Amino acid sequence: MRVHLMGLGGAGISALAKLLASAGHEVTGCDLSPNPYYESENIKCELGHSEEHIKKYNPDVLIYTSAVDQNCPELKFAREKNIEVIPRGLALSKLFNAKSGIGIAGAHGKTTTSSMTGLIFLKANLSPTVYIGANVPDFGNTNAVAGEGEFFIAELDESDGSFEYFTPATTIITNADWDHVDHFHTRDDFINAFTRFADGRKNNSPLIICAEDEGASLVIERCNKNRGKIIRYGFGQKWEWGAAEIEHLDGGGSISKIFHDGQAVGFLKLRVSGEHNILNALASIAAAHENGIDFEKSANILKDFHGSERRMQIKGEVNNILIIDDYAHHPSEMKATLKAIHEIYKDKRVVLIYQPHRFSRTAQFAKDIAEIMCDKNLAAKSYLMPVYSAGEHEISNSSSNEIIKASNNKIELVNFDNAVEILKNVTLPNDILLTMGAGDVYKIGEEFLSYN
């Protein structure tokens with residue numbers, strides 16, 4: 001089958017392209033700019049969007065991302081030619097639902113949890129298919145693994161509601177912390193979507209869900225209890241899976257005592273830091289346990305987990321200043337990342353440069369973002385970039401100036417032209433420069449490393 005994918009440079013659709021190519025389909029695509037996601041896969045990619053691509057490759061199916069304008073000529077022409085046109089999420093669900101799917105959803109933590117779960121099943125020699133929204137070092141720095149076994153482990157996207165296409169045999173919800181306000185206009189809309197996702201799992205299959213998250217607790221209250229057992233995880237001994245006696249290690253990582261149904265089962269050592277990653281690991285351990293992998297084996301595998309791309313990723317060091325990049329773009333993620341960095345580097349100052357992601361999110365969470373950026377216990381100095389639009393049009397009260405106003409003008413706005421020079425003047429030896437956001441703010445850290 002000939003498949004053409006629009007937005008091929010994106011993390012999600014590039015992973016789908018790799019899986020389709022591995023399955024023997026003839027895969028082509030297009031994107032607005034070159035991207036390394038597809039360059040190593042030898043998948044033909046055209047620049048821009050044009051009906052000429054359809055004429056050239058004559059696909060049987062056209063798959064597009066939600067970021068693609070529905071009025072673009074490529075989509076219109078394909079429909080005129082009666083070519084099947086489907087969104088990325090629906091295309092992925094057709095592959096996922098045909099196997100024993102382990103679906104991981106949540107506003108935060110799903111990439112790491114999916115990566116951890118995938119690593120456990122890979123190292124347990126179960127040959128799973130794995131689909132992740134970021135490159136994973138432990139998978140050979142790729143975001144997709146085409147396995148031959150029965151399991152399909154996938155990070156599922158709630159941002160456009162497409163996770164409701166999926167019918168998992170094992171369901172993980174890391175949290176239901178309100179986000180994507182462009183699609184879910186109220187918190188209740190968001191919780192209800194996660195409740196429908198939970199109820200959409202296969203009959204008599206487990207729902208593994210974080211008991212520490214308020215939104216997830218509401219999902220537990222609202223979901224259909226007859227669909228299958230509910231397995232909660234969190235801190236302490238009162239949940240089905242719990243972590244206690246947590247020790248944060250100098251230089252990074254942690255050790256926790258793990259409990260299953262109130263009984264101690266052993267210790268979990270992680271090289272990745274932060275209490276949020278302990279929760280992610282518990283979810284993965286629970287999913288593995290439900291599918292026949294015991295705790296001891298999972299814990300032994302996870303102790304060597306290296307994390308995912310753009311998740312507290314060390315980019316380098318210059319003049320005794322450590323540059324770290326992180327994808328956090330929601331207030332909860334921002335706080336968790338900053339807390340984790342202080343757990344690792346107790347004697348270092350953090351200089352933060354943050355790039356807001358989407359106008360809709362900025363308008364909704366400006367005050368929360370300002371509060372975090374102004375907290376001297378989290379960041380000694382904070383700088384703000386203009387909003388990374390991610391294709392959105394600016395709306396009322398949605399610019400970075402809203403965050404600055406909420407901070408009482410305590411935060412300085414910088415841009416790509418002056419940020420590195422300003423940061424060079426304020427950073428000191430032994431500092432951490434943290435670039436944060438889901439856009440292209442990471443380029444600031446890369447430029448900082450090479451700046452003279």
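**A walk through two sheet regions**

Let us start with strands β11 and β12 (residues 230-235), which pair in the parallel sense over 4 bridges. This is a predicted model, and the pairing is easy to find in it by looking for cysteine 210, which stands opposite tyrosine 233 in β12. Between the two strands in the unit comes a helix: β11, α8 and β12 make a right-handed β-α-β unit.

From β12 we can step across to strand β13 (residues 241-248), which runs parallel to β12 and is joined to it by 3 bridges. Here glycine 234 is a good guide. Its place is in strand β12, and its bridge partner in β13 is glycine 242. Is glycine 234 buried or exposed? With a relative accessibility of 0%, glycine 234 counts as buried, because buried means under 20%. Its surroundings include residues from elsewhere in the sequence: leaving aside neighbours within four places in sequence, glycine 234 is in contact with Glu212, Trp239, Trp241, Gly242, Ala243, Leu279 and Leu282. Alanine 211 is 23 residues away from glycine 234 in sequence, yet the two C-alpha atoms are 5.5 Å apart in space.

Now turn to helix α7 (residues 187-199). This helix has 13 residues and spans 19 Å from its first C-alpha to its last, close to the 18 Å expected at 1.5 Å a residue. Which residues of α7 are buried? They are Phe190, Ile191, Ala193, Phe194, Thr195, Phe197 and Ala198. An α-helix has 3.6 residues a turn, so residues three or four places apart point the same way. The buried residues of α7 pack against β6 (100-105), β10 (170-173), β11 (207-210) and α8 (214-222), which brings us back to the strand and helix we met at the start.

Our last stop is an open sheet of 5 strands, in the order β3-β2-β1-β4-β5 and with parallel pairing. Strands β3 (44-47) and β5 (84-87) stand at the edges with a single partner strand each, so one side of each is left without a neighbour in the sheet. From one strand to the next, the twist averages 20°. Toward one edge, β2 (residues 26-31) runs parallel to β3 and is joined to it by 4 bridges, with cysteine 30 opposite glutamate 46 in β3.

Helices accompany this sheet too. Helix α1 (residues 11-22) lies across β1 (2-6), β2 and β4 (61-64), running at about 170° to β1. Helix α4 (residues 73-80) also packs on the sheet, where it touches β1, β2, β4 and β5; the direction of α4 makes about 150° with that of β4.

Methods. Residues are numbered from 1 along each chain as its sequence is written. This is a predicted model: local features need pLDDT of at least 70, side-chain atom pairs count only at pLDDT 80 or more; totals for chains, interfaces and linings use all residues. Side-chain values use heavy atoms; hydrogens and water are left out. Two strands pair if DSSP finds at least two bridges between them. Axes are lines fitted to C-alpha atoms, for helices over the stretch in contact, and angles run from 0 to 180 degrees between N-to-C directions. Contact means heavy atoms within 4.5 Å. The expected span of a helix is 1.5 Å times one less than its number of residues. Buried means under 20% relative accessible area, exposed over 50%, partly exposed in between (1.4 Å probe, protein chains only). A crossover is right-handed if, with the strands pointing away from the viewer, the path from the first strand over the helix to the second runs clockwise.
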